[in-house]
Amino acid sequence: MLLTPGNRLIARWHWLIPPLMLLVTAPVWLALYEPELFYFLNWHLSVVPAQLWAFLSLMGTGWCIYALTAPSLWLAPRVIVAWLCAAPVAGALTRVGKGLLDHPRPLEVLDPALVQVIGEPLFVAAMPSGHTITGFAAAAAIYFSLQPGTRLKYLWLFIPALGVGLSRIAVGAHWPADVVVGAAIGVFSGLTGAWLCAMIQDKHLSVSSWWMRGVALFGGYCLYVLLTDEMGFIQNMPEQYLLSAFLFVCLISFLWQSFRPGPKPFSDQS
């Protein structure tokens, strides 16, 4: 069999992970334990400060993920490009899922007085959880873009993604079913993003390539969104300002390295 860059990084069995996730969590997405499971998680997760759940929900947005991974623009370009390749797949599957299923959110069918709500109350288009899809898509894309021999120590990437999923239950926005389905879709999207990224030649990922300069230009839009959009949680604005400052410094650093004359710094293409 001819080995391409994509299947050197992603084995055939990796594509079985999303359906296996759905199989294992079938009792949850079949809603066999609802609404008791939602009530149990929503109230027991309330022991964690609301600000943490709000911030974890922020981590389920592409704007926040871009800021957190901005140093990879010059340190490890495939890290940021892999999840950006996954983002359109994740976004499309989110919209298709919500459009086809039109599943009500907890606040639409449960007594609001019995639900802990953090941030803006949401009522429609529950399945699947877009934040969870984004979180798991980024984690999977980054993980599977790494070389197989070194990636195992980065399994921790899925812990923040799990936190994003739990946050959507904690803030009262999603059923557990929306989260487990979102996690499976997110892993599929991430695998797809890593596979697509593996097809990009190294020369297009150098610090002086126009491809990476375009990726940095998109970072300017991310900066604008972080500074101006509350994204459902006004309490996240201080964290968004900090992320904006960090992202601004990273973008300036990248542009300086990209356009300065002389030898360019080495970029880890793994």
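1. The buried side of helix H14 is a good place to start: Met237, Gln240, Leu243, Ser244, Leu247, Cys250, Leu251, Phe254, Gln257 and Ser258 are its buried residues (buried is under 20% relative accessible area, with a 1.4 Å probe and protein chains only). Please keep in mind that this is a predicted model, where local features need pLDDT of at least 70, side-chain atom pairs count only at pLDDT 80 or more, and totals for chains, interfaces and linings use all residues. Residues are numbered from 1 along each chain as its sequence is written, and side-chain values use heavy atoms, without hydrogens and water.

2. H14 covers residues 237–259; helices here are DSSP runs (H or I, at least four residues), numbered from the N terminus. Its buried residues pack against H5 (50–58), H6 (62–69), H7 (72–75) and H13 (210–228), contact being heavy atoms within 4.5 Å.

3. Now to the largest pocket, with a volume of about 750 Å³. A pocket is an open set of points on a 1 Å grid over the protein atoms alone, with protein on both sides within 12 Å along at least five of seven lines, and lining residues have an atom within 4 Å of a point. The volume is the space filled by probe spheres set on the points, which are joined across faces, edges and corners.

4. Of its 30 lining residues, Gly60, Thr61, Gly130, His131 and Thr134 are the closest to the centre of the largest pocket. H8 (77–101) supplies the largest share of this lining, eight residues.

5. The second largest pocket holds about 370 Å³. Among its 16 lining residues, Thr69, Ala139, Ile142, Trp156 and Leu157 lie nearest the centre, and H10 gives the most, four residues.

Methods
Helices (H or I, at least four residues) and strands (E, at least two) are DSSP runs, numbered from the N terminus. The expected span of a helix is 1.5 Å times one less than its number of residues. Buried means under 20% relative accessible area, exposed over 50%, partly exposed in between (1.4 Å probe, protein chains only). On a 1 Å grid over the protein atoms alone, a cavity is a set of points where a 1.4 Å probe fits but cannot get out, and a pocket is an open set with protein on both sides within 12 Å along at least five of seven lines; lining residues have an atom within 4 Å of a point.
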